[in-house]
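Dear colleague,

I am handing over the structure we spoke about, with the sequence alongside, and below it you will find what I noted while going through it. Please read the notes with the coordinates open.

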Amino acid sequence: MRNVKTFFKYVIPSVLSFALSGIYTIVDEFFVGNSIGDLGLSAVNIAYPIMAVIQALGTGLGMGGAIYYSINKAEKKEAEAKEFTAGALWLLIISSIILTVAIFFLNGPLLRLLGARGQLLSLGEEYIAVIAIGVALQVIGTGLVPFIRNHGGSFYAMVSMIAGFVTNISLDLRCHRIFL
């Protein structure tokens with residue numbers, strides 16, 4: 001019975017965290033669709049693969065580093081565990097900088113590659129330019145969640161994802177008021 005309780009202590013916050021990270025763009029779609037209309041909604045949808053890459057990069061680097069951290073920690077290799085934590089953090093920082101610059105300057109070609117043309121392209125470029133400003137926060141934030149979880153803080157990892165989600169909604173509300 002104790003194992004089941006421990007299992008759910010970690011699983012429920014983890015599932016909620018992943019569910020919240022998956023609906024960031026859906027919340028953006030809601031607010032953009034209500035303020036700009038169908039064309040704005042289409043721009044967010046066509047830009048979704050770019051958002052997916054941002055989330056995947058942070059989650060992948062963080063999860064990979066956290067796995068190696070946990071393996072070394074379990075083997076009582078404290079120095080190696082700390083090295084994986086530091087290495088993963090540096091990878092998250094460097095990759096977020098590179099991704100920010102790449103997305104900011106290449107958003108037009110990326111959106112054209114995804115099929116955007118005309119007004120859809122210009123709205124998509126505006127949306128992605130705003131998203132590019134927060135890429136570092138998104139990559140580092142999603143990348144640190146697995147480390148927080150593996151340090152026994154599954155609840156705190158969930159709280160940090162909720163805080164990011166609430167921040168996203170509050171920024172969407174602010175932008176919604178600007179467009180109305």
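In this predicted model, helix 3 and helix 4 (residues 78–113) pack with their axes 9 Å apart and at an angle of about 170 degrees. Because angles over 145 degrees count as roughly antiparallel, helix 3 is roughly antiparallel to helix 4. Sorted by class, the residues in the contact of helix 3 with helix 4 are 17 nonpolar, six polar and three charged.

Helix 3 itself covers residues 38–74, which is 37 residues, and from its first C-alpha to its last it reaches 52 Å, close to the 54 Å expected at 1.5 Å a residue. There is nevertheless a kink of about 45 degrees in helix 3, placed at Tyr 48, shortly before the proline Pro 49.

Just after helix 3, Lys 76 has a positive phi of about 60 degrees, and the residues around this point also deserve a look for their charges. Side chains of opposite charge can pair when their charged atoms come close. The count comes to two salt bridges. In one of them, the side chain of Lys 73 meets that of Glu 78 at 2.8 Å, N to O; in the other, Lys 77 meets Glu 75 at 3.1 Å, N to O.

As for exposure, Lys 73 counts as partly exposed because its relative accessibility is 34%, and Glu 78 does so at 36%. Lys 77 is likewise partly exposed, with a relative accessible area of 36%, and Glu 75 is partly exposed at 45%.

With best regards

Key
Residues are numbered from 1 along each chain as its sequence is written. This is a predicted model: local features need pLDDT of at least 70, side-chain atom pairs count only at pLDDT 80 or more; totals for chains, interfaces and linings use all residues. Side-chain values use heavy atoms; hydrogens and water are left out. Helices (H or I, at least four residues) and strands (E, at least two) are DSSP runs, numbered from the N terminus. The expected span of a helix is 1.5 Å times one less than its number of residues. The bend at a residue is the angle between axes fitted to the seven residues ending there and the seven starting there. Axes are lines fitted to C-alpha atoms, for helices over the stretch in contact, and angles run from 0 to 180 degrees between N-to-C directions. Angles under 35 degrees count as roughly parallel, over 145 as roughly antiparallel, 65 to 115 as roughly perpendicular and the rest as oblique. Ala, Val, Leu, Ile, Met, Phe, Trp, Tyr, Cys and Pro count as nonpolar, Asp, Glu, Lys and Arg as charged, and the others, Gly among them, as polar. A salt bridge is a side-chain nitrogen of Lys or Arg within 4 Å of a carboxyl oxygen of Asp or Glu. Buried means under 20% relative accessible area, exposed over 50%, partly exposed in between (1.4 Å probe, protein chains only).
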